[in-house]
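Okay, thanks everyone, let's get going. I'll put the model up and then walk you through it piece by piece.

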Amino acid sequence: MTRNTIPPYHAPRTASGDCMLKVWGRVNSVNVKKVLWLLEELDLPYDRVDAGMEFGLVNEPAYRAMNPNGRVPTIEDDGFVLWESNSILRYLAAKHGSPLYPASPAARASADRWMDWQLSTLGPAERNLFWGMVRTPADQRDMAAVMAAAKAAGECWAMLDAHIAAHGWPFIDGEHMTVADIVLGCYARRWFGPEVHVPGMPHFPALAAWYAAIGARPGFRRWVAVPMT
Ligand SMILES: N[C@@H](CCC(=O)N[C@@H](CS)C(=O)NCC(=O)O)C(=O)O
């Protein structure tokens, strides 16, 4: 496995010399990418510490005290510790009054719904596709599991493709981008990427148009478009 070479981001300091916001997590994690992309959208200063997989740290008592799951990402924001990437996105966007987390209850719930769908349905469906094709040497791949995951993930993406096509919106939930676009955009990278291409993957025109649009966001280009490792 190659180490990701993106240098840590050193944001401008506050008057005391510290960033209020600290992020723990390796940059090749899909869940960390969500947070880093959002931070780019919000233009927030932060410090990041590599953690997880080859960087370790997640089993250290001090890290476990923050995040007993031993997973990444974790954030600390002015003394408040939070884990679960989708919750982190909701928290940061809400705290900074960003329209990325809409104020109206219905629009907010709809964004929440797609984020929950990623956690409950899409993520488990596509996991073996990513892990098999990206994190497993070719001669050790369980291609039956990879193909089953490609089929299951395709069924999920077909649903989102139909949703986007039916509404004709530029973003998942309407005319404006939300945190749901960030979450699903990070996962769409794992569907459209050449790294995971296997025979028979269906083409989804509406999904591809949406993916091209969010793919132009600077946060996507910086953190998500990079080669998957
Ligand atoms: N539901 C959690 C999942 C967290 C998770 O599983 N993160 C993975 C990286 S994507 C992880 O920590 N893997 C172990 C490691 O990096 O050591 C979230 O969305 O934050």
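So, the domain assignment splits the protein chain in two: domain 1 runs over 21–95, and domain 2 over 105–222. Keep in mind that this is a predicted model. If you take the C-alpha centres of domain 1 and domain 2, they sit 22 Å apart.

Now, the interface. How many residues of domain 1 are in contact with domain 2? On the domain 1 side we have 17, and they touch 23 residues of domain 2. Between them, domain 1 and domain 2 bury about 1600 Å², and carbon and sulfur atoms give 63% of that area. Which residues of domain 1 lose the most area to domain 2? That would be Val 30, Trp 37 and Arg 90, which together account for 40% of what the domain 1 side buries.

On to the polar side of things. The rule finds four salt bridges across the interface of domain 1 and domain 2, and it also picks up eight residue pairs in polar contact there, both partners at pLDDT 80 or more. As for where the domain 1 side comes from, two elements give two or more residues to it: helix H1, residues 30–42, and helix H3, residues 85–95. H1 has the largest share, with eight residues. Sort the domain 1 side that touches domain 2 by class and you get seven nonpolar, three polar and seven charged residues. And here's a salt bridge to look at by itself: Arg 222 with Glu 40, where the closest N and O atoms are 3.4 Å apart.

Next up, the ligand. What surrounds the ligand? Going round, there's Arg 26, Ser 29, Asn 31, Gly 52, Met 53, Arg 71, Val 72, Pro 73, Glu 84, Ser 85 and Leu 119. Let me pull three of those out. Asn 31 has a polar side-chain atom 3.3 Å from an oxygen atom of the ligand. Arg 71 has a side-chain N or O atom 3.1 Å from a ligand oxygen. With Glu 84 the ligand atom is a nitrogen, and it is 2.8 Å from an N or O atom of that side chain.

Staying with that list for a second: Val 72 and Pro 73 are joined by a cis peptide bond, with omega near 5 degrees. Pro 73 sits in the loop between helix H2, residues 61–66, and E3.

Speaking of E3, back to salt bridges. The total count by this rule is nine. One pair I'd like you to find is Asp 77 with Lys 95, whose closest N and O atoms are 2.6 Å apart. Asp 77 is in strand E3, residues 74–77, and Lys 95 is in helix H3, so this pair ties together parts that are 18 residues apart in sequence.

Last stop, a backbone oddity. Which sign does phi have at Asp 43, positive or negative? Positive, about 55 degrees, although Asp 43 is not a glycine. You'll find Asp 43 in the loop between H1 and strand E2, residues 47–49.

Okay, that's my tour. Over to you for questions.

How values were computed: Residues numbered from 1 in each chain as written. Predicted model: local features only at pLDDT ≥ 70, side-chain atom pairs only at ≥ 80, totals over all residues. Heavy atoms only, no water. Domains from an automatic or database assignment. Contact = heavy atoms within 4.5 Å. Buried area = accessible area lost by both parts, 1.4 Å probe. Salt bridge = Lys/Arg side-chain N within 4 Å of Asp/Glu carboxyl O. Polar contact = N/O pair within 3.5 Å; in protein donor to acceptor, adjacent residues only side chain to side chain. Helix = DSSP H or I, 4+ residues; strand = E, 2+ residues; numbered from the N terminus. Nonpolar A, V, L, I, M, F, W, Y, C, P; charged D, E, K, R; others polar. Near = heavy atom within 4 Å.
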